[in-house]
Amino acid sequence: MSDLKLVSELNDQQEYSQRLLKVKALVDAGQNPYVFKFDRTHDNPAFLKAFEDVSDSCDTSVSVAGRLISKRGHGKAFFGHLLDEHVSLQIYSNLDLLGQEGLASLQQLDVGDWVGVQGTPFRTKRGELSVRVSSFTLLSKALLPLPEKYHGLQDKELRYRSRYLDLVANLDVRETFKKRSKIISFVRRFLEDRAFMEVETPVLQSVYGGASARPFVTHHNELKQDLYLRIALELYLKRLIVGGYERVFEIGRVFRNEGISYKHNPEFTMLELYQAYVDYEAMMTLTEELFRALVEECCGGLILSYQGKKLDFSRPFQRLRMVDAIVKYVQVDVEDEDSLRAKAVSAGIELPNSASKGQIITELYDTLVEPQLIEPTFIYDYPWETSPLAKRRQDNPDFVERFECIICGMELANAFSELTDPIDQEFRFKDQLKAKEAGWEDVHEMDEDYIQALKHGMPPTGGLGIGIDRLVMLLCDAASIRDVLLFPHMRPKK
C-alpha cells in the first residue's frame, strides 16, 4: 500500500471517530440523526425553474433537500451546496436567521450529510439563485467523508467497486445511467409499436442453451437438482412461437461463465425477439431501423461519434458474406482448407485437430476480421457447424441464414432464420456433442424438451438478439462495458 493511500485511510478513520461523537451528541440531546421523512416543496431543478425571475428576494416559503457537498464560512454566516438527484443548489444562513445555537448546529454539519432546509428564495450579490435558510433538519448523518473532498473521484477501481461514490463525485456518470434507462425504454416502445409482446422466461434452467458458452451452476436443495443460470433467452422464447404467439421479446439478464474484458461481463443484459413468418432478411431490416432510430433519438441526428470515430447511420449498413469478408480482410482462399488452417496457425489461433473448414473460417473471422469492421456492417451466412439453431441456406447447405451486426469491432446483434425442422435440430445438437468430445468447450447442449416442442410445429421465424450493454456503450461513447454497468463484476480485493 502506498504512503499516500495509508495516510488517506488513517484520515478516514479519524474522521469516522469524530463523526461518531457527533452522532452520540445528537442522540444524547434527544435528536434522531436518521429521520423517517422530509416533505419537499421542490426538487432543485423545479426550484431553479420556479424562481428564475427572482432578481433580489421573495417571501415564498420553500423546502428543499439533498446531500451537503460543500460548506464555507464561520462566525455569523454559512454558505453551502445541496446536491439532489439532478443538480446542486446553494443555501445560506446567518446569525439573525437561525440564532447562535441554530447557526452553530448548521456549521457542525459535515460534507456528505443529507439535509433538508426551509426558507425563502433570494439571489446573492454574485447573482446565484439560492435559499435563505430559516430552519433545517439533519436527515441522515454520513459517518465517512466523500472521497477527495467530493471533487472528481478518478480511481477507476474505486469508482467501479463503490459506484455510489462515483455517482456523487462524477455527475456525468449519473447522466450515463439515466441515458441507459431511456435507451431501454425507447427499445421497448419501438417493439411494442410494432406489435411485439414483452414476456418473461426462466432464469434458472435445467438445460442451458441458446448460445455457445459455459454456464454458472447452482443447486436446488429441495429438488436435489443442479440448475444453470441461463446463458441466453432463445429456446424458451421460441417455445412461445410454437405455442401460437407471433411476436415476442424479452429484455433480461443472462450469465456466462467466461472472461472479463472491456466488452465482456459475466452478467449482462440481452434483448431477444422472435417474429413468425419472416426470415433473417426481415431481422436485418428491423435491426437497421432500430439502431437508426436510437441514434437519432440519442444524438439528435444520424451521425454518431464513438471513441473518436464518426459513424454515419443515414447510409445503408454494409453487407458482407462471411467468406467474402475472409477473402477481403485475410487474403486467403476460403476453398482451400489447408491454407485456412495455415493462416489460423500463423495468427496464433489454437484449433483442435478435428476442426472442420467451417469452424476454421469462423475462428479466422472472429480473430482477424471482426476487429477491423468499424462502420455498421452485417456479416451474414455462417458455416452450419457453428450455428446449430439456424436454417441452412437452400442454395448452399454448408452455410446457414445467420448474421451479426458489427460496429467499431464489436458484435451488437446476432440473428437467424430459425431452424424449425425438429429432425435437423436433433442432428445439430448431436453434432455439437461430438464437437464437445473433440475438444470444443463452448457448444450447445442437447435439449430434448425443446426438440419435443418443435415436433408440434413451429412456423417460419426470424430471431434477433442484441447486447444491450454494448449498445449503450456505443450510444454513450463509453470505452468499457464497466462504464455502463452500475455494478460490474470485480475481482476480489487482495
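This note sets out points on the fold, strand pairing and one buried residue of a predicted model.

1. Overall composition. The chain contains 14 helices and 18 strands. Its C-alpha atoms fill a box of roughly 90 × 50 × 50 Å when taken along the principal axes. Among contacts with a separation of 6 or more, 65% are made by residues 24 or more positions apart.

2. Burial and surface. The chain has 494 residues, and 48% of them count as buried. The accessible surface amounts to about 24,700 Å². Carbon and sulfur atoms account for 50% of that surface.

3. Charge. The count of charged side chains is 62 positive and 76 negative. The centres of these two sets are 6 Å apart.

4. Strands 3, 4 and 5. Strand 5 (residues 129-140) pairs with two strands described here. With strand 3 (residues 88-94) the pairing is parallel and comprises three bridges; within it, I91 has V131 of strand 5 as its bridge partner. With strand 4 (residues 114-123) strand 5 runs antiparallel, and ten bridges join the two. In this second pairing, V115 is matched with L138 of strand 5.

5. The hairpin of strands 4 and 5. Five residues lie between the two strands of this hairpin. In the hairpin, G127 adopts a positive phi near 90°. A reader who inspects backbone torsions may wish to locate G127 with this value in mind.

6. The sheet of strands 7, 8 and 9. Which order do the strands of this open sheet follow? The three strands are arranged 7-9-8, with antiparallel pairing. Strand 7 (204-205) and strand 8 (217-220) each have a single partner strand and stand at the edges, so one side of each has no neighbour in the sheet. Strand 8 and strand 9 (residues 225-229) are antiparallel and share four bridges. One pair across them consists of H219 and its bridge partner in strand 9, D226.

7. Strand 11 and its partners. Strand 11 (residues 267-276) is mostly covered, with nine of its ten residues buried. Strand 10 (residues 247-255) pairs with strand 11 in the antiparallel sense through nine bridges, and F255 stands opposite E267 of strand 11. Strand 18 (residues 461-467) is also antiparallel to strand 11, with seven bridges between them. Here the bridge partner of Q275 is G462 in strand 18.

8. The environment of T377. T377 belongs to strand 15, which spans residues 377-383. Is this residue buried or exposed? T377 is buried, because its relative accessible area is 0% and the term applies to values under 20%. The side chain of T377 reaches the backbone oxygen of E375 at 2.7 Å. Leaving aside residues up to four places away in sequence, T377 touches Q318, E404, C405 and I406.

9. Places to inspect. For the strand pairings, the pairs I91 with V131, V115 with L138, H219 with D226 and Q275 with G462 may serve as reference positions. For the side-chain environment, the 2.7 Å approach of T377 to the backbone oxygen of E375 may be read together with the contacts listed above.

Terms used
Residues numbered from 1 in each chain as written. Predicted model: local features only at pLDDT ≥ 70, side-chain atom pairs only at ≥ 80, totals over all residues. Heavy atoms only, no water. Buried < 20%, exposed > 50% of the residue type's maximum accessible area, 1.4 Å probe, protein only. Contact = heavy atoms within 4.5 Å. Areas by Shrake-Rupley, 256 points an atom, 1.4 Å probe, with all protein chains shown as cover. Lys, Arg positive; Asp, Glu negative; His and termini not counted. Charge placed at Lys NZ, Arg CZ, Asp CG, Glu CD. Pairing = 2+ DSSP bridges. Polar contact = N/O pair within 3.5 Å; in protein donor to acceptor, adjacent residues only side chain to side chain.
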